[in-house]
Amino acid sequence: MNNTPLSILSEVKQGNYRVLARALTLVENDLSPADSILKNLDSRYGAPVIGITGPPGAGKSTLVNAITDFFTLENKRIAVLAIDPTSPFNLGSLLGDRIRMARQFNKPNVFIRSLATRGALGGISAKTIEMVDVLKASNFDLILIETVGVGQSEVEIAGLADKTIVVLVPESGDEVQHIKSGLMEIADCFVVNKADREGAGTFANNLKKMVHEGIKSIPVLQTVADKNIGIDKLMDWITAPVTEASQRKEFLFAEKAWKIIQHHKMQLVDKKKLNEALHLALQQEDFNVYRFADDFISGT
């Protein structure tokens, strides 16, 4: 196979999963010719990207399974990027969404890739952005991104997805208390999953009242994803045209550019040298991590 960036992209556009997987690996690990592949992308176009986020235990993976089942029954091609927390020791993912989505792997129209957050607070790293743009260059009908949860940088998933779903459960009282400080800004749709639990109706109604106080209209849907209940209404919302994309496109691309520039700046930092310098610095009685970081940056 020709290994030039244009030939790789040509195979990706034709839906060659093997070449797509290889291209994603090159991009994820900054291996040649990843840089050229990215620079030859037209990331303004491609399949719609749906972000799915929310607190742990809300049933995000189950919901992704239900959405994937629905679209594959219509012979649609679906890509799923499952973002897991990163182990601080080996930079590998901890949860393994591949296990939770095992039944999707034998479907010819489904492509699944796991990705570690690599320390990104909101679950989105520069690598996520780049890999999604590679997926958009293929011939998928829909791209789903499942993140580790609502992080400290709430704009990150909104800056990547065309539409963002925030998944909650009837017991999500603590999360609702923080809606006005973050969730309201990133959510295009709230899904109250596990709606067969006690108190689900009351929780959804309270959420609707809070949503109506905001500046944009946000639907609140109830689902029981593992029983395929309420999925039809969610599918109607997902497939509806995006109406606000033009209003926030510049902001979204600014977020992308910021993350990409930040990533390339960090490439100048040698992690091995950092660890060696920190090992020596920790032996000093007057060690201060802020002075250490400032001195290390000054010396690089």
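**Exercise 1. Aromatic pairs**
How many aromatic pairs does the ring rule give?

*Solution.* The count comes to six aromatic pairs in this predicted model. Take phenylalanine 70 and phenylalanine 71. Their ring centres lie 5.5 Å apart. Pairing needs centres within 6.5 Å. Their planes meet at 80°. Planes over 60 degrees apart count as edge-to-face, so the pair of phenylalanine 70 and phenylalanine 71 is edge-to-face.

**Exercise 2. Burial of the two rings**
Classify phenylalanine 70 and phenylalanine 71 as buried, partly exposed or exposed.

*Solution.* Start with the cut-offs: buried means under 20% relative accessible area, and exposed means over 50%. Phenylalanine 70 has 24% relative accessibility, so it is partly exposed. Phenylalanine 71 has 6%, so it is buried.

**Exercise 3. Cluster and charges**
Which residues form an aromatic cluster with Phe140, and which charged end sits over the ring of phenylalanine 140?

*Solution.* Step one: Tyr17 and Phe111 join Phe140 in one aromatic cluster. Step two: the charged end of arginine 77 sits over the phenylalanine 140 ring, 5.4 Å from its centre. Now look at tryptophan 237. Lysine 163 lies over its face, 4.8 Å from the ring centre.

**Exercise 4. A nonpolar patch**
Locate valine 289 and say which residues make up the nonpolar surface patch with Val289.

*Solution.* Begin with the helix: valine 289 belongs to α14, residues 289-299. Next, its accessibility. The relative accessible area is 44%, so valine 289 is partly exposed. Patch members need over 30%. Finally, the patch: Leu282, Phe287 and Tyr290 make it together with Val289, and it covers about 430 Å².

Methods. Residues are numbered from 1 along each chain as its sequence is written. This is a predicted model: local features need pLDDT of at least 70, side-chain atom pairs count only at pLDDT 80 or more; totals for chains, interfaces and linings use all residues. Side-chain values use heavy atoms; hydrogens and water are left out. Patches are made of residues with over 30% relative accessible area and no salt bridge: like charges are joined within 9 Å, nonpolar side chains (Val, Leu, Ile, Met, Phe, Trp, Tyr) within 5 Å. Accessible areas come from the Shrake-Rupley method with a 1.4 Å probe; for residues, only the protein chains shown count as cover. A salt bridge is a side-chain nitrogen of Lys or Arg within 4 Å of a carboxyl oxygen of Asp or Glu. Helices (H or I, at least four residues) and strands (E, at least two) are DSSP runs, numbered from the N terminus. Buried means under 20% relative accessible area, exposed over 50%, partly exposed in between (1.4 Å probe, protein chains only). Rings of Phe, Tyr and Trp (its six-membered ring) pair if their centres lie within 6.5 Å; planes under 30 degrees apart count as stacked, over 60 as edge-to-face and the rest as tilted. A charge sits over a ring if NZ of Lys or CZ of Arg is within 6 Å of the ring centre and within 35 degrees of the ring normal.
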